[in-house]
Structures are given as C-alpha cells and as structure tokens.
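Please look at the sequence and the structure shown here, and then follow the report below, which moves from an annotated feature to the domains, the sheets, the unusual backbone sites and the ligand.

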Amino acid sequence: MATFRHICDSVAVITLSNPPVNALSSALIQALQKALGEAIRDSAVEAIVICGDKGKFCAGADIREFNKPSQKRGPHLLLLTDLIESNKKPVVAAIEGVALGGGLELALGCHYRVAHVQARVGLPEVLLGILPAASGTQRLPRLIGIAAALTLITTGKYVPAREALKLGIVDKVVGENTVDEAIRLAKKVIGQPLGSRQLSTLPVQCPPNVEALLAEAMVKVKKQFRGAQSPQACIEAVRAAVHLPYTEGIKKEQELYQFLNATHEPRAQQYAFFAEREVAKWTLPSGASWKTVSPQPIHTAAVIGLGTMGSGIVISLAKAQIPVIALEKDKKQLNIGSKAVISLLDRETLKMKQLGHTEATNSLGPVRFTLDYGELRDVDIVIEAVFENMILKKEIFRHLSGICKPEAFLCTNTSGLDIDEIASVTDRPQMIVGTHFYAPAHIMKLLEVVHGRYTSSISISTAMQLAKNLGKIGVLVGNCPLFVGNRLMVLYLQQAIFLVEEGNKLEEIDQTLENFGLAMGPFQMMDLAGLDTLWGCHVEHGLARPEQSSGISTHHHSSKRYSQLLGILCEKSRFGQKSGQGWYKYEKPGGRKAMSDPWLHNFLSEYHGVNNFKTQKITQEKIIEWCLYVIINEGFKVLEDGMASGPEDIDVIYNSGYGWPKHTGGPMYYASLVGLPVVLTKLEKYYEANPDIPGLKPSSLLKNLAALGNPPLKEWRALLGSWSSKL
Ligand SMILES: CC/C=C\C=C\CC(=O)SCCNC(=O)CCNC(=O)[C@H](O)C(C)(C)COP(=O)(O)OP(=O)(O)OC[C@H]1O[C@@H](n2cnc3c(N)ncnc32)[C@H](O)[C@@H]1OP(=O)(O)O
C-alpha cells in the first residue's frame, strides 16, 4: 500500500493505492505526503497529476481508523490540501470511480479536476456522524456557492460526473483515458497563474438572502435527520465560510468536528455503515456461505400481481436492466397494473435523464405484460407479489411448478407467511425463497431474504445477489411468523395502542418517537400501512381476536392483553390514509397530511370509560422505553431463536426498512448505548406491572449478556457460544 511517482515528460503522476477503494489510511496519507514533497522539490517536475489505482480515485478517510487515537493517525489531510494548493506547480486530480469525503477534499486542494463520465463525487461525512473536516466545508462553498454546497454537505449525496461539471466541481468530463487527459491538461497549464485556482483564496459568493438560506437548510435537516447533530454542525460550518476568512473558517470546522466526535453519533453511524456491508456476508449452519456458493445468473424475470408491491418490484428489476414479464389474473387488473407500471417507468426515465443519463430510455430493462402463465416458461426467476393469502399463493406456486423450467427460482413476496407451507406444494422446495420487499419496492433499500427449511444455499446466494443487483440491502432471515422486521414491529405498534387505551394522546406519542428520531410515529405509520392490513396481521398472529363487540372491547385472551381498537376503527371504515381517516384525518382519501381528529378523541374517551381501562399518563422518557424496549427485547428473542445471524442484521433491517434513526446505530446498538443492564431492569419493572404483555418479558439472551455487564455489541456473538443461527 503506497503511492508512487512516475515522471511522464515534465509531469509527475502520483497514484493512490490502498485496495479496495483507496481509502486514506494514515499510511497512505504519509506516503502521499512523501511523494508530493519529492515532486515539489524535483526541478524536472513542472506539474503533478494525482490519480487512484484500479479506476478508483479515493473513497475518503479510512473509516476503520476512526477509532484510532488522533496522535496515531499521522499527518492530517488538511495540511496536505494546503500544501498542494499553495505550491507553485499546477496539480490536477484525475477522478475515476469515486472522489468521496476526504477524497473529494483532496481533489478540491488540487488546482484542476478532470473526471471520468461514470465517476461520482460527494461529501458523505454527514452520513457517518461527522462533517468534512479537511477543508470541505470551506473550499466547496467557495467553488460552487452556498446553496449547492449546503445541499451536498447536508445530504451526503453522491453527484454523477456530468452534474458535478454543471455545478462547477470538476473542470472536465471525459469518456475514457482520464489520467491521460489530466496529464494533457497539466502540461497545458504549466506556467499559468494559479491564483484563481486556489480555492481557499477565493471569496464566497453569497446571495443576498444567505441567512434565510441557512435557516431554511436548518429547518430541513432538523426534519429529515431528527435528533441527529451532524447535519446541524455541517450548516454551522458552512455559515462560518460565509462570515469568516478561510483560516478562521477552518478553525470553526475543526471545533465542530471535535464537538461531534465527542458524541456517540460517529461511532453509531460508522457501525451502521459496516453493518450494512457485514449482512451481505451470510453463512449457513451447513458452512455454505457467500464465499463458497456462487449465485446463478438472472437474465430474465417475471412478476405475478401488479398491485403496489408488484409494480414496484417490476420497476426495480427494470432499473437493474433485467427484462421482466409482468402477469395479472384478468384483463381489468392487467389494464390497471400496466398503467401503474408505465407511469412509474416514465417517472424513473425522467429521473435518470435529470441525472444526466442521455440514453435513459435504453437503460431500463424491457417490461412485457401478459395474462398467460405459459409465457413464464423460460424465465430464470419468478417473484409472486399477490396479496397476503396462503390459499391463493399456494395455488399460484402449484401452477408455477408445472410451468416454469426446473432451474427457475420461485420467490414469494410476503411480509410474514410460512415459506415452507408454500414450498410444500411445489416440485422444487429447495428453490423457493421468501423475498420480502418494502413499499414502495422501487425505492426502499431493504429486502428480507427468507430462508425456508428446504431452501438451498444456491437459492440464497442467488436471492442475495439479486438484492445487490437491484441496489438493495439483502438481509438473510429465518422463516418465523412475520420474519424479523414485522415480528418486532407489531409488538411496538401494540405497545403504542395500549398507551392510547390508557388515556395518552396519540399525537404526543407520535411526536415523542419522532423527536427520538424515527421517521414517523407509530400512529402515522399505521395510517400509512393501512389499518385493515395491520388488523388482519394482528388477528392472524394471535395479537387480537377477529370478532368485535360493538365498541366494547374484551381485552384479554388466554391471559394475554390485546387491543381491539384497530378492528373497531376498521368497522367504522377508518382504514388510514387510503380512506382519508384512521388514527388521524386527511384532506381526502389518499391524502398525506395527518390532522388531529376531534371525532377520534371523543370516541377514544368514550371507549376508555366503557372499557374501564386504568389511566396511566406517562412521560416522554417512558414512552420511549415502553415502545422501543419491546423492539430490542424481541430482537434478542430473534437471536435466541436463531432467526437472524447477528445483531447487525436486526439493526440494518430497522435502519433501512423502518425509518430507525441511523445516528443511534439501530435498535440493538442503541440497547448497548443505553446499557444492557439498564434495558433489562426497565423491562423487568414493566413486565412485573404488566404480566399480561409477553413482549415485555425479558429475553434470556438479554439477561445473560446483561449479567456480563455491558459488553460491546461486536463481542456478543463470541460471549454466547450457545446462541447459534438456525438460518
Ligand atoms: C484522512 C482524514 C481526513 C479527512 C477525513 C475525511 C472524512 C471522510 O472521508 S469519511 C469517509 C467518506 N467516504 C465514504 O463515506 C465512502 C463510503 N464508501 C462507499 O460509499 C462505498 O463503499 C463505495 C466507495 C461507493 C464503494 O461501493 P461498493 O463498490 O458498493 O463497495 P462496498 O461494498 O461499499 O465497499 C467495498 C469495501 O470497501 C470498504 N470501504 C468502502 N469505503 C471505505 C472507507 N472510506 N474506509 C474504509 N473502508 C471502506 C467497505 O467496507 C468494503 O469492505 P469489505 O471488507 O469488502 O466489506
């Protein structure tokens, strides 16, 4: 791992080399510093090009080194960017692949930037709980203005080369030979004045409404990243660029970085970053793993059912350039479904065009619509996405067994039905996989890949690879009722409903959990998902009884507490957003803006009286414990049952599928932040007072770990050898 220097006429080429992504480890920075020094001192060298090995410029700081004490991290990149910028020889960055974080900051220190057309640049530090602290918050606004810099720095967005050119981040975009083009440019500018290319010396171009712009950005990030501090610190750093000279701005950038680094957020976000990559490295108890089992190629696919889920899955496949056959059961449904798919395809095409893809129409895979199962004969994979009904799904899979080629994988998009029961009616149970997509399926990143009892390792490998090809994060889970995500979620929603039964305001519960950082409170989430869907799910999984009793709720069954409220609201045609009324009211059916509903409040106070519920008003702190600790507790039970292979899987599921705030790492990481003994004590207390709520009964795994103190999450697995995956 080193940089090397190579003289090409009068130009020195310095190559960053630290596979796989040329991350700036301390060793690499040191080597870069040395090579730069040599090039600057060498009188034969008149210009310098910096590029990255193997078609990747640089993915930024080496995140694995973030926990190293700072004195052991070697020279700071900031000093290097100043050295590059202030030296008299022109320096050109040749950007292939990515220039992210410290990688882009390094390029901003250079006098010119040439990018390959497929390269992406960005400052994603905010997504790691920090800010660009090697001058990114000071140089970028000087280059592209306050508004664009604010967007990039506070979202962490990766910008494709053509957009980067329009913004002025790069000077030239080329289709090939990026390094050669950079060398040509370097030669051309030898001897030219560099003043206007030294970003730190330039004034920041401020629009007259700059304060309003900063205030608007603050409102936006407070909403988008609720409870997280790094986006706000990013804005403060950009504010410093507006008001202070460069060197003072840098001081402020450093101060804000130190402040963030002292919080738990960077560690939590960095854990979440690696957890996302860890879940791709699946292993089965048989020893088969991502390393040993190759996926089968998927050249063609079919999707059955073109409702909301099916349409989204078709788009996902088309975006991955996989030709799809989309099948519906009758003409009417096919007509509705194909219109929905075509309109989504048009929207995706437009988005791609806006991102600078000129061949956008060719970059989506073709979609063919049909009513004829016979057309599915030769596809490599079928994803069934009809509604949650076991009888219907079995009928479809029986049919597919007789039609599809023997090598075809058959997947069911279900949010919790038994995969083994579906597999049992087919001629190829080893090729049946659960693929639980999240709505909207063409946007949401998460895919739960469900391993049934008979599913082969090749089927798992293929489904996990498909997730990757679709740009999703596949997480392998076991075939338990509701799988992992929803198994935890139903208990959480039930806890929230119990609070309402006890006289607490649903708006306050939602607000408290949103302030904690969840993308949406539980009642808004229920309205979005559909109360009828949730009610069906509660009944099916024994969390409620199917029958109603005209508003009077019998709220115990087999000594377990349950709530009939969802069913009662459904009886009153309050299904959530789709009907315009649920826990909230909406401006119209399908409306999005949740408004408090006086009718519901009257109804709830009557319901409370008639049912004689105890009144228990609780504080915000207790709302968080009461609702979130059941998620954590059930997470431990999932691990005990071997339905997920590690806490990282649960955290990734929650971060990417349920709007859990990443700056707390995920529910299991959050438990370790709070302290396992604290979580356990609270659960014990709540369970003692509510022995009719099994979700509060502490898991044995939690008890075992808490008995060891608060061991770091990465040690849980080793500490509890007996806990073994049954995936
Ligand atoms: C030096 C101090 C001064 C300044 C400080 C600046 C702050 C920063 O720069 S923070 C880092 C900012 N950069 C990022 O956030 C980039 C994160 N990486 C990515 O977005 C992606 O990994 C990718 C570079 C776009 C590549 O994506 P893909 O091709 O899908 O591969 P992955 O599976 O994601 O990654 C492959 C492999 O590389 C590891 N990795 C990626 N980035 C880093 C990094 N910055 N540091 C260390 N390691 C990195 C990743 O974990 C994977 O490792 P495996 O072991 O193979 O799982």
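UniProt, in an unreviewed entry, places the feature "domain: 3-hydroxyacyl-CoA dehydrogenase C-terminal" at residues 483–586 and 627–712. In the span 627–712, helix accounts for 64% and strand for 0%, and the C-alpha atoms at its two ends lie 23 Å apart. These values, like the others in this report, come from a predicted model. The average pLDDT of the chain is 93, and 96% of the residues score at least 70. For the model, the scores are ipTM 0.98 and pTM 0.95. As a caution in reading any such model, coordinates should not be read in detail where pLDDT is low.

The domain assignment of the chain is set out in the table.

| Domain | Residues |
|---|---|
| domain 1 | 2–262 |
| domain 2 | 301–479 |
| domain 3 | 486–611 |
| domain 4 | 620–722 |

When the centres are taken over C-alpha atoms, domain 1 and domain 4 are separated by 40 Å.

Two sheets can now be described in turn. Strands of a sheet pair through backbone hydrogen bonds, and the pairing can be either parallel or antiparallel. One open sheet consists of six strands in the order E1-E2-E3-E4-E6-E9, and its pairing is mixed. Strand E1 (4–8) and strand E9 (172–174) are at the edges and have a single partner strand each, so one side of each is left without a neighbour in the sheet. From one strand to the next, the twist in this sheet averages 25°. Within it, strand E3 (residues 47–52) runs parallel to strand E4 (residues 91–95), and the two are paired over four bridges. At one position of this pairing, Cys 51 has Ala 94 in E4 as its bridge partner.

The other open sheet is formed by eight strands, ordered E12-E11-E10-E13-E14-E15-E16-E17, again with mixed pairing. Its edge strands are strand E12 (367–370) and strand E17 (473–478), each of which pairs on one side only. Here, too, the average twist from one strand to the next is 25°. Strand E10 (residues 301–304) and strand E11 (residues 324–327) run parallel and are joined by four bridges, with Ala 301 standing opposite Val 324 in E11.

Several loops contain backbone features that deserve a careful look. The loop between strand E2 (11–16) and helix H1 (26–41) holds Pro 20, and the peptide bond leading from Pro 19 to Pro 20 is cis, with omega near 5°. Asn 22 is also placed in the loop between E2 and H1, and this residue has a positive phi of about 55° although it is not a glycine. A cis peptide bond is also found from Ala 439 to Pro 440, where omega is near -10°, and Pro 440 belongs to the loop between strand E15 (432–437) and strand E16 (446–451).

Which residues are the closest to the ligand? They are Ala 23, Gly 60, Ala 61, Gly 101 and Gly 102, out of 22 residues that surround the ligand. The residues of this shell divide into 15 that are nonpolar, three that are polar and four that are charged.

Methods: Residues are numbered from 1 along each chain as its sequence is written. This is a predicted model: local features need pLDDT of at least 70, side-chain atom pairs count only at pLDDT 80 or more; totals for chains, interfaces and linings use all residues. A residue is near a molecule or strand if its C-beta atom, placed from the backbone, lies within 6 Å of it. Ala, Val, Leu, Ile, Met, Phe, Trp, Tyr, Cys and Pro count as nonpolar, Asp, Glu, Lys and Arg as charged, and the others, Gly among them, as polar. Two strands pair if DSSP finds at least two bridges between them. Axes are lines fitted to C-alpha atoms, for helices over the stretch in contact, and angles run from 0 to 180 degrees between N-to-C directions. Domain bounds come from an automatic or database domain assignment. UniProt positions are given in the numbering used here, feature names are shortened, and annotations may be inferred rather than shown by experiment. pLDDT is the predictor's confidence in each residue, from 0 to 100.
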